[in-house]
Amino acid sequence: MIRTVERERVPVETPSVGARADRPESAVRIEDLSAWYGTTQAVGDVSLDLPRGAVTAIIGPSGCGKSTLLRCLNRMHETTPGARVAGQVFLDSLDIYWTGVDAVEVRSMVGMVFQKPNPFPMMSIYDNVAAGPRLRGWKMDRRKMDELVERNLRRAALWDEVKDRMDRSGAALSGGQQQRLCIARALATDPAVLLMDEPASALDPIATYKIEELVRELSSEVTIVIVTHNMQQASRVSQRTAFLLAGDDGVGRLVEYGRTDDIFTNPRDVRTEGYITGRFG
Amino acid sequence: MSTAAVAVPRVPARHAVSARRRARERTMQVLLAAAAVGAATLLVIILGYVIVRGAPALNVAFFTERPLPFGVEGGGVGPAVVGTLILSVLAGVIAIPIGIASAIFVTEFRSGRLAPAVRFAAELIAGLPSIVVGVFVWAFLVRGIIGNYAALAGAIALAIIMIPIVARTVEEVLRLVPQSLREAGLALGAPRWRVVLQIVVPTARAGVATAVVLAVARAAGETAPLLLTALGNLFLSTDLLKPISALPIQIYQYAASPYDDWHTKAWGSSLVLVGVIALLSLALRLSIRRGAR
């Protein structure tokens, strides 16, 4: 991966979580990001500024690279063998692809919720929420951990449903509850940004509604980026929307990005209009 | 519409339940059931025969006494039971960590060129006849480093047989752990080794336990490599650098004799070996289940 002159613009000295002295307007700034699987390019030259404390939706038809783009924001993309990234992503002021930055450190600043609920099946509900702190080797006494688990289950609107069966397996919950458990798990380490990869696409309408409700509530405390191919969902939960589309070469590129209201009522690009009116995708 | 007018709709012939199809279905079921019953019956027959022939040999002295010369009243397999336990535990202590670690390396850190080589080597060792392992250990340890037949050499021979069994079985069960759980762990900001040790392996713990039990059971029943390494011992010994007895060796020695009384003792030893393996398996399963909690 070759990155050139942009490096001088990196304002932080040390690649650490604490480097948030000056807080720019955008929580996540993506510059000329491209991503490959082996020799196949999936994302091409995407630049985006995601505002702090807001929900940004990434929409687009299947195969437009929206999940790949999301996975580049916490350096999960590179865990796929042969995967590669070029360009820059800034979390606050930290260029997460800068040479000295540890991917594990980046992932600990960003939470992620996946398409299929994936609670750890051999862990209890309690242990699932405590998993993040424990996996990172945080030393906490039992009382502190109890508080942390309760606080995050409440944030994920799951506390009342599970408080009497915290020692049950996370796999014993319903699909929607499992997904909220995964959200609580992702929140437990207090990430500044929460990435959600089609978090409701495997859920029924009521569970979906609860997840959307939750996304709206959480947006005041954490910056959320949500990938969805459900346009109604994007319009319901997000303030900003980015529309990605794969060209004839199969590379996903940004077509339009702006306030969600504008994108859905007054799209500037004819392809955006075609997509949101259901003419393709 | 009157009720009389409601006729049972005629099913078109191609949708009707065909007698031939049903017959075929039943034939398959019967064949499969016969195979299953056959396999189970074989096991019951062997086990039953061992019990019937071996039970007369069993008494307290049989477990506590050492083998005595023919004609002397009594005599048993005390040293052999102790020897089998020592050899199995020692071989397990050597082989289980190595086998599990290599399986983890092959499945979880497979990006390098080393992983396929390790897997290929494990496959080769798994296909090695156990007598060849015995000859190898005999040449290197018994004739070489240690200088005499020794329990340690026997345990190492058994460990060499166990490692590929553990490695290959654990590799299979680790592959069954959904990728999404690894991703969840990584996304939580955990380093890869923590994800492996705290999420992947615990998720697969039942399969890991099975792998370990399989390997120990297999090793506890091995005879050929022990004849060339542990040799056998008529006296109770716990010295790892001296020859040691083991149940398979004892069975071989009793069975190869011309005496009826010793043949009965061979059956009795066989029954004890089956029992020891069953107990070892049970103990391992319980301890692994408890340890995972």
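The radius of gyration here is taken over C-alpha atoms, and the globule rule puts it at 2.2 Å times the number of residues to the power 0.38. Keep that rule handy for the exercises below, and remember that this is a predicted model.

**Exercise 1. Compare each chain with the globule rule.**

Task: Work out what the radius of gyration says about chain B, and then about chain A.

Solution.
- Step 1: Start with chain B. For 293 residues, a compact globule would come out near 19 Å.
- Step 2: Now look at the model's value, and you find 26 Å for chain B.
- Step 3: Check the outline too. The C-alpha trace of chain B spans about 100 × 55 × 35 Å along its principal axes.
- Step 4: Turn to chain A. Its radius of gyration is 19 Å, close to the 19 Å that the rule gives for 281 residues, so chain A is as compact as a globular protein of that length.
- Step 5: The outline of chain A, again along principal axes, is about 50 × 45 × 35 Å.

**Exercise 2. Take stock of the two folds.**

Task: What secondary structure does each chain have, and how much of each chain is buried?

Solution.
- Step 1: Count the elements of chain A, and you get 10 helices and 10 strands.
- Step 2: Do that for chain B, and you get 12 helices and 0 strands. Reading from the N terminus, every symbol in the run is an α: α-α-α-α-α-α-α-α-α-α-α-α.
- Step 3: Add burial. In chain A, 47% of the 281 residues are buried, while in chain B 39% of the 293 residues are.
- Step 4: Look at how far contacts reach along the sequence. Take the contacts of chain A between residues at least 6 apart: 70% of them join residues at least 24 apart. In chain B, residues 24 or more positions apart account for 74% of the contacts with a separation of 6 or more.

**Exercise 3. Describe where the chains touch.**

Task: Which elements of chain A give two or more residues to the side that touches chain B?

Solution.
- Step 1: Find the contact itself. It involves 19 residues of chain A and 17 residues of chain B.
- Step 2: Pick out the elements of chain A: they are helix H2 (103-107) and helix H3 (125-135).
- Step 3: See who gives the most. That is H3(A), with 3 residues.
- Step 4: Sort chain A's side by class, and you have 10 nonpolar, 6 polar and 3 charged residues.

**Exercise 4. Follow a helix pair into the core.**

Task: How do H3(B) and H6(B) cross, and which helix gives the most to the largest nonpolar core?

Solution.
- Step 1: Two packed helices are described by the angle between their axes and the distance between the axes.
- Step 2: Apply that here. The axes of helix H3 (residues 78-108) and helix H6 (residues 151-176) of chain B come within 6 Å and cross at roughly 35 degrees.
- Step 3: Give the hand: H3(B) passes H6(B) in a right-handed crossing.
- Step 4: List what the contact is made of: 23 nonpolar, 4 polar and 2 charged residues.
- Step 5: Move to the core. The largest nonpolar core has 161 residues, and those with the most contacts inside it include A:Val28, A:Val225, B:Ala153 and B:Ala230. H6(B) gives the most to this core, with 18 residues.
- Step 6: Zoom in on B:Ala153. Leaving out residues up to four places away in sequence, its contacts include B:Val137, B:Leu141, B:Ile146 and B:Ala230.

**Exercise 5. Buried or exposed?**

Task: Decide whether A:Leu195, A:Glu198, B:Leu231 and A:Gly278 are buried or exposed.

Solution.
- Step 1: You need the cut-offs: 20 or more other C-beta atoms within 10 Å means buried, and 12 or fewer means exposed.
- Step 2: A:Leu195, in strand S7 of chain A, has 27 such atoms, so A:Leu195 is buried. Among the residues A:Leu195 touches are A:Leu70, A:Val110 and A:Val225.
- Step 3: A:Glu198 sits in the loop between strand S7 (193-197) and helix H7 (205-218) of chain A. With 21 atoms, A:Glu198 is buried. A:Glu198 also has a positive phi of about 45 degrees, although it is not a glycine.
- Step 4: B:Leu231 lies in the loop between helix H10 (224-227) and helix H11 (247-255) of chain B. B:Leu231 has 21 atoms, so B:Leu231 is buried. Its phi is positive too, about 70 degrees.
- Step 5: A:Gly278 follows helix H10 (270-276) of chain A. It has 8 neighbours, so A:Gly278 is exposed.

Notes. Residues numbered from 1 in each chain as written. Chains lettered and ligands numbered in written order. Predicted model: local features only at pLDDT ≥ 70, side-chain atom pairs only at ≥ 80, totals over all residues. Helix = DSSP H or I, 4+ residues; strand = E, 2+ residues; numbered from the N terminus. Contact = placed C-beta atoms within 7 Å. Nonpolar A, V, L, I, M, F, W, Y, C, P; charged D, E, K, R; others polar. Axes fitted to C-alpha atoms, helices over the stretch in contact; angles between N-to-C directions. Left-handed = near helix turned anticlockwise from the far one by under 90°. Core = buried A, V, L, I, M, F, W, Y, C linked by C-beta atoms within 7 Å.
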